[in-house]
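Open the model in your viewer and keep the sequence panel beside it. The tour goes from one selection to the next and says what to look for at each stop.

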Amino acid sequence: MSEATSPLAKRKHRGRRRDVFPGVSIVVATCVLLFVGSAVVAIVLGGATHLSEAVTSAEVLFSLRMSVVTSTISTIICLALALPTAYALTRTNMPFKRAAEVLMELTLSLPYILLGFALLLIFSSPVGKALKEVGFGVVFEPTGIVMAQLIVNLPFAIRMVRTAFAEVNPRMEFVAKTLGATSGEVFRTIILPICRNSLISTFVLTWARGMGEFGATLMLVGVTRMRTETLPGSIYLSISTGNTETAMATAMIMLLLSAATLVVANALNKPIGSTRVESHKARTPFDRLRRASVPKEGERRHGR
């Protein structure tokens, strides 16, 4: 009797359980891709035919410039504030640290229109009116777009940077400090280079979120044509006036911007080549540590 038809082989075959989980996961993933892809296809089919009209429209070009400028400014401010804040939350004995973490998480979970309403209350108060008198107007002003994007994206950026900092091995920082490096030098020469890719991703995602922000902006500054009109606001106004073609074309522009952002992010996220690393002339505390731990050629010969 052959081994394939032996009773033992038959019992083993009957005892096996059919693994259907990979097939189920493929079916679910296919459904998800079809659902998400249908949205992209709808934008492309509806906006491609009217794209040329949109890119020559003064109103659409104004909203594009407004979105790019405000998103860039708010993202730079977010990163400038998120880096020291995340460092304080992960590397220092900051008072009320746990309360600060809860506050960040709470802000992330709030609806954006509620955050915009909170800013409206703040900048409509006597303090806000005093700021307006000295030239810092926010309500119904382009500056308010930056503030709306900032209140929405800052907790997100802080959380992303905190996660990146938490993954850095603290032993490297400890050894660098034993070599005489200050906390600022450790931050600049160890933490930031290690978190380079994560910080790039944070910048790109924060910028993209700023480009698409609408709820807080609508509550704080409204949507005034050729004044506080961003790309999402332009889509809103076009839909409100029944101009579906322009709305779809504007959505197509946002889709192209998102695709370009993704390409740039992937290009910048490439790891630094070994040639660049070896030819780098900067001497960081970790470099000194690594060189000090490797015995010189003469010492190796003497050890023999």
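Select Thr250 and display whatever lies around it. Leaving aside neighbours within four places in sequence, Thr250 is in contact with Val60, Leu231, Ser234 and Ile235. Thr250 sits in helix 14, and it counts as buried because its relative accessibility is 0%. Keep in mind that this is a predicted model.

**Helix 13**

Two of the partners of Thr250, Leu231 and Ser234, lead to the next selection, residues 231-240, which form helix 13. Which residues of helix 13 are buried? They are Leu231, Pro232, Gly233, Ser234, Leu237 and Ser238. These buried residues pack against helix 4, helix 11 and helix 14. Go on past the end of helix 13 to Gly242, which has a positive phi, near 80°.

**Helix 11 against helix 14**

Now show residues 196-212, helix 11, together with residues 244-268, helix 14. Their axes come within 10 Å and cross at roughly 170°. An angle over 145 degrees counts as roughly antiparallel, and the two helices are therefore roughly antiparallel to each other. To see the contact, pick Arg196, Asn197, Ile200, Val204, Trp207, Met211 and Gly212 on helix 11. On helix 14, pick Met254, Leu257, Thr261, Ala265 and Leu268. Coloured by class, the contact shows eight nonpolar residues, three polar ones and one charged one.

**The nonpolar cores**

Next, select Leu83, Ile158, Val161, Phe165, Phe187, Ile191 and Cys195. These are the residues with the most contacts inside the largest nonpolar core, a set of 20 residues. Helix 4 (58-91), helix 5 (97-109), helix 8 (142-166) and helix 10 (183-194) are the elements that give two or more residues to this core. Which helix supplies the largest share? Helix 8 does, with seven residues. In soluble globular proteins, nonpolar side chains tend to be buried together.

Stay with Ile191 for a moment. Not counting residues up to four places away in sequence, Ile191 touches Tyr87, Arg91, Phe165, Glu173 and Val186. There is also a second, separate core, of 15 residues. To find it, select Met66, Leu115, Phe123 and Val221, which are among its members.

**Ser74 in helix 4**

Return to helix 4 and select Ser74, which lies in that helix. Is Ser74 buried or exposed? Ser74 is buried, because its relative accessible area is 0%. Apart from residues up to four places away in sequence, Ser74 touches Val146, Gln149 and Leu150. Add Ile145 and take the distance between C-alpha atoms: Ser74 and Ile145 are 8.8 Å apart in space, yet 71 residues apart in sequence.

**Leu220 in helix 12**

Select residues 215-221, helix 12, and pick out Leu220 within it. Leu220 counts as buried because its relative accessibility is 0%. Its contacts, not counting residues up to four places away in sequence, are Gly116, Leu119, Leu120, Val138, Val139, Phe140, Gly144, Met147 and Ala148. For Val138, the C-alpha to C-alpha distance to Leu220 is 8.0 Å, while 82 residues separate the two in sequence.

**Two phenylalanines with positive phi**

Phe140, one of the contacts of Leu220, is the next stop. Phe140 lies in the loop between helix 7 (126-133) and helix 8. Its phi is near 60°, a positive value in a residue other than glycine. Most residues other than glycine have a negative phi. At 52% relative accessibility, Phe140 counts as exposed.

Then move to Phe96, in the loop between helix 4 and helix 5. Phe96 is not a glycine either, and its phi is positive at about 55°. Phe96 is exposed, with a relative accessible area of 71%.

**The whole chain**

Finally, zoom out and colour by secondary structure. How many helices and strands are there in the protein chain? There are 17 helices and zero strands. Of the 304 residues, 32% count as buried. With a surface switched on, the protein chain exposes about 18900 Å², and carbon and sulfur atoms supply 67% of that area. Among contacts with a separation of 6 or more, 76% join residues 24 or more positions apart. The pairs Ser74 with Ile145 and Leu220 with Val138 are two places to look again at residues far apart in sequence.

Conventions. Residues are numbered from 1 along each chain as its sequence is written. This is a predicted model: local features need pLDDT of at least 70, side-chain atom pairs count only at pLDDT 80 or more; totals for chains, interfaces and linings use all residues. Side-chain values use heavy atoms; hydrogens and water are left out. Axes are lines fitted to C-alpha atoms, for helices over the stretch in contact, and angles run from 0 to 180 degrees between N-to-C directions. Helices (H or I, at least four residues) and strands (E, at least two) are DSSP runs, numbered from the N terminus. Angles under 35 degrees count as roughly parallel, over 145 as roughly antiparallel, 65 to 115 as roughly perpendicular and the rest as oblique. Contact means heavy atoms within 4.5 Å. Ala, Val, Leu, Ile, Met, Phe, Trp, Tyr, Cys and Pro count as nonpolar, Asp, Glu, Lys and Arg as charged, and the others, Gly among them, as polar. A nonpolar core is a set of buried Ala, Val, Leu, Ile, Met, Phe, Trp, Tyr and Cys residues joined through side-chain atoms within 4.5 Å. Buried means under 20% relative accessible area, exposed over 50%, partly exposed in between (1.4 Å probe, protein chains only). Accessible areas come from the Shrake-Rupley method with a 1.4 Å probe; for residues, only the protein chains shown count as cover.
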